[in-house]
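This report examines one protein structure for a reader who is new to the subject. Please keep the sequence and the model in view while reading.

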Amino acid sequence: MKKTMLIATLLSLTACQGQGGAGEKPAATGSTTAATAGAPQTEEQKTFYALGLSIGRSISVFDMSPQELEFVKAGLGAQVSGEKTDVDLEVYGPKLQELAKERSTRKATKEKEKSVKFLEEKAKEPGAQKTESGLVYKETQAGTGAQPVASDIVKVHYKGTLSDGKEFDSSFKRGEPTQFPLQGVIKCWTEGLQKMKVGGKAQLTCPSDIAYGDRGAPPNIPGGAALVFDVELIEIVKPPEAPPGGMPGMPGMPGAHGGMGGPPPAAGGKPPAPK
């Protein structure tokens, strides 16, 4: 299924940009592609365009240069047209997973290097506190209520952004707060929320080591990315009482960063893609 979708996507790319020769300069941006093919007009064209966007996300892990993308399109063109291929798929196909891992690690390393200065600057802001874990905690409004512990369930409003200010999730935009157990989210949240009091607001700047790590949460959170969360602690939620003879209830985890919203889950989880 994945191979079929990949072929379909790259086929759409080939159709849009044409099969350039080895000496031709590849298109560098999506806008150039759109200018060549024309913007999709019909519902079917728009659906195929969306297919290209979707699969483009799935192969972004390869962190390809424009020239490398040309090789991918050349292989695709040869395969779908039945021409003689320059490479034996049975030999080089198994190398794809290894290459994806290598490129993913490379990309995450670059992202972490880029984040170093950003984290240093956030730690220098007035009122900011950098903890041993690397979390940069900055209270923006003092709370007057109780202070949660790791075993608590909390209700919050929050907004998440990348180091460049791009927003990837917001309970404010969804128009309703979310609640979750503090032990069920990324370490940055578990640590940061315990420094807050109900009614308070704070900004949590999270290095990747205590956020999503080298894996990230594609496509909107790159591996190695530092994240910023503006959080309002609304309430410490009382756990539901156990029914007679039953086990204590536990609220279901909200969908993290997906259409249903919710905070970042603990490392090792499988969060839906952020908005």
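Which residue in β4 is the bridge partner of lysine 159? The partner is serine 170. The model discussed here is a predicted one, and the sections below begin with the strands around this bridge.

## The β3–β4 hairpin

Strand β4 covers residues 167-170, and its pairing with β3 is antiparallel, with three bridges. Together, β3 and β4 make a hairpin in which four residues separate the two strands. Glycine 165 sits in the turn and has a positive phi of about 90 degrees.

## A positive phi outside glycine

Most residues other than glycine have a negative phi. Aspartate 63 is not a glycine, yet its phi is positive, at about 50 degrees. This aspartate is found in the loop that runs between α3 (43-58) and α4 (66-81). Is aspartate 63 buried, partly exposed or exposed? Aspartate 63 counts as partly exposed because its relative accessibility is 23%, and the partly exposed class lies between 20% and 50%.

## The disulfide

The structure contains one disulfide. Such a link is a covalent bond between the sulfur atoms of two cysteines. Here the bond connects cysteine 188 with cysteine 206, and the distance from S to S is 1.9 Å. The angle about the S-S bond is -65 degrees, and the link between cysteine 188 and cysteine 206 is left-handed.

Which parts of the chain does this pair tie together? Cysteine 188 belongs to helix α8 (residues 187-193) and cysteine 206 to strand β6 (residues 201-206), so the disulfide ties parts that lie 18 residues apart in sequence. Cysteine 188 and cysteine 206 are both buried.

## The nonpolar core

The largest nonpolar core is made up of 29 residues. The residues with the most contacts inside this core include Val156, Trp189 and Leu193. Leu204, Leu227, Phe229 and Val231 belong to that group as well.

Which elements give two or more residues to the core? They are β3 (153-162), α8, β6 and β7 (227-237). The core therefore draws on β3, α8 and β6, elements already met in the hairpin and the disulfide.

## Salt bridges

A search of the whole structure yields ten salt bridges. In one of them, aspartate 214 pairs with lysine 112, and the closest N and O atoms are 2.9 Å apart. Aspartate 214 is in the loop between β6 and β7, whereas lysine 112 is in helix α6 (residues 96-123), so this pair ties together parts 102 residues apart in sequence. Aspartate 214 counts as partly exposed because its relative accessibility is 38%. Lysine 112 is also partly exposed, since its relative accessible area is 29%.

Another salt bridge joins glutamate 121 to lysine 124, with the closest N and O atoms 4.0 Å apart. Glutamate 121 has a relative accessible area of 41% and is therefore partly exposed, while lysine 124, at 61%, counts as exposed. Glutamate 125 forms a salt bridge with lysine 122, and here the closest N and O atoms are 3.4 Å apart. Lysine 122 counts as buried because its relative accessibility is 12%, whereas glutamate 125, with 24%, is partly exposed. Salt bridges link Lys122, Glu125 and Lys138 in a network.

Key. Residues are numbered from 1 along each chain as its sequence is written. This is a predicted model: local features need pLDDT of at least 70, side-chain atom pairs count only at pLDDT 80 or more; totals for chains, interfaces and linings use all residues. Side-chain values use heavy atoms; hydrogens and water are left out. A disulfide is a pair of cysteine sulfur atoms within 2.5 Å. Buried means under 20% relative accessible area, exposed over 50%, partly exposed in between (1.4 Å probe, protein chains only). A nonpolar core is a set of buried Ala, Val, Leu, Ile, Met, Phe, Trp, Tyr and Cys residues joined through side-chain atoms within 4.5 Å. Two strands pair if DSSP finds at least two bridges between them. A salt bridge is a side-chain nitrogen of Lys or Arg within 4 Å of a carboxyl oxygen of Asp or Glu.
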